[in-house]
Amino acid sequence: MASSEEDGSAEDKENNKKKTKRPFVTAWLTVYNIAMTAGWMVLAVAMIRFYIQKGTHKGLYKSISRTLKFFQTFALLEIFHCAFGMVRTSVIVTGVQVCSRIFMVWFVTHSIKQIQNEESVVLFLVAWTVTEITRYSFYTFSLLNHLPYFIKWARYNLFIVLYPVGVAGELLTIYAALPYVRKSGMLSVRLPNKYNVSFDYYICLIIVMLSYIPLFPQLFFHMLRQRRKVLHGEVMVEKED
Ligand SMILES: CCCCCCCCCCCCC[C@@H](O)CC(=O)SCCNC(=O)CCNC(=O)[C@H](O)C(C)(C)COP(=O)(O)OP(=O)(O)OC[C@H]1O[C@@H](n2cnc3c(N)ncnc32)[C@H](O)[C@@H]1OP(=O)(O)O
């Protein structure tokens, strides 16, 4: 009895601790998630409008690149959210996810103009956009304690298809970039130079592609674990009224 009372008070203390930092954190995360949902919705509408008007994917990336770069770069804040304990997510998992996207946006699609009209770019753009609209609206509605089931369902099911589609799009895009990078020697540093340092961007891209082999399954299985917890109640943190 005594021990259960002690447990209770320890729990209360923990809950109180959570409550004291919650208003600020919740307010910030709500604003952040609403902004990100809106940003990715703007991207979705722009992509659909472009395709309806032009009837082709050629030129699509260029037309949405500024908005994409802005919102995807803004997602770097998610690493800080984890690092400062604002959300219960692993810094490493989030770091890999966000950095790989930043790399795709800035160091591949933005830098290598010749590949911007590849079909594979559309593949990852669509996968990212559907994912992020679902993910950020999931977080927003959860924070507001009004999470519709279909958003929860979409958050923890769509990734099963969208992750492989997105990864395929990313890998095919990097693969398409290889010949241009090799020919131009872009972003590479050749010897001799005064710092005696060399860097081969072509090799770097191949290493990045290879790193998907160990890293992607980790992200995918992380999501499968989250799915089991949230949809099948292994560890359930229900946000109910
Ligand atoms: C520098 C060069 C690097 C090169 C590296 C190359 C290797 C790369 C290999 C990786 C390939 C990735 C490819 C990828 O880009 C392809 C795609 O994305 S395709 C599209 C499909 N993608 C997805 O479905 C991605 C899904 N990703 C995510 O969901 C997250 O990014 C992830 C971090 C993976 C998982 O999220 P999380 O662990 O946060 O899961 P939960 O959503 O269940 O959340 C856990 C708890 O945290 C709370 N939380 C998290 N964020 C927020 C937030 N913004 N606001 C409020 N709350 C948040 C969440 O509510 C949960 O809390 P609780 O447990 O209390 O409910």
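How many residues surround the ligand, and which are the closest? In this predicted model, the count comes to 33 residues, and the closest are R155, Y156, E170, H222 and Q226.

Some of the contacts with the ligand can be described atom by atom. Take Q226: an N or O atom in the side chain of Q226 is 2.5 Å from an oxygen atom of the ligand. E170 also takes part, with a polar side-chain atom 2.8 Å from an oxygen atom of the ligand. For Y139, a polar side-chain atom lies 2.9 Å from a ligand oxygen atom. As for surface, the ligand taken alone exposes 1,400 Å², and the protein buries 89% of that.

Where does the shell around the ligand come from? Two or more residues each are given by α1 (2-54), α4 (91-110), α5 (119-143), α7 (159-184) and α8 (201-232). Of these, α8 supplies the largest share, seven residues. Sorted by class, the shell holds 17 nonpolar, 10 polar and six charged residues.

Next comes the way some of these helices pack. Two packed helices are described by the angle between their axes and the distance between the axes. For α5 and α7, the angle is about 145°, and the axes are 7 Å apart. The crossing of this pair, α5 and α7, is left-handed. On the α5 side, the contact is made by S120, V121, L123, F124, A127, W128, V130 and T131. On the α7 side, L162, V165, G166, A168, G169, E170, L172 and T173 do the job. E170 has thus turned up twice: it is among the residues closest to the ligand, and it belongs to the contact of α7 with α5. By class, this contact of α5 with α7 has 10 nonpolar, five polar and one charged residues.

What about α4 and α8? Here the angle is about 145°, and the axes of α4 and α8 are 11 Å apart. The crossing in which α4 passes α8 is left-handed. From α4 come V93, V96, Q97, F103, M104, F107 and V108, and they meet Y201, L205, V208, Y212, L215, L219 and H222 in α8. Split by class, the residues of the contact of α4 with α8 are 12 nonpolar, two polar and no charged. H222 is another familiar name: it meets α4 as part of α8, and it is one of the residues closest to the ligand.

Methods
Residues are numbered from 1 along each chain as its sequence is written. This is a predicted model: local features need pLDDT of at least 70, side-chain atom pairs count only at pLDDT 80 or more; totals for chains, interfaces and linings use all residues. Side-chain values use heavy atoms; hydrogens and water are left out. A residue is near a molecule or strand if one of its heavy atoms lies within 4 Å of it. A polar contact is a pair of N or O atoms within 3.5 Å; within protein, one must be able to donate a hydrogen and the other to accept it, and residues adjacent in sequence count only if both atoms are side-chain atoms. Accessible areas come from the Shrake-Rupley method with a 1.4 Å probe; for residues, only the protein chains shown count as cover. Helices (H or I, at least four residues) and strands (E, at least two) are DSSP runs, numbered from the N terminus. Ala, Val, Leu, Ile, Met, Phe, Trp, Tyr, Cys and Pro count as nonpolar, Asp, Glu, Lys and Arg as charged, and the others, Gly among them, as polar. Axes are lines fitted to C-alpha atoms, for helices over the stretch in contact, and angles run from 0 to 180 degrees between N-to-C directions. A crossing is left-handed if the near helix is turned anticlockwise from the far one by less than a right angle, and right-handed if clockwise. Contact means heavy atoms within 4.5 Å.
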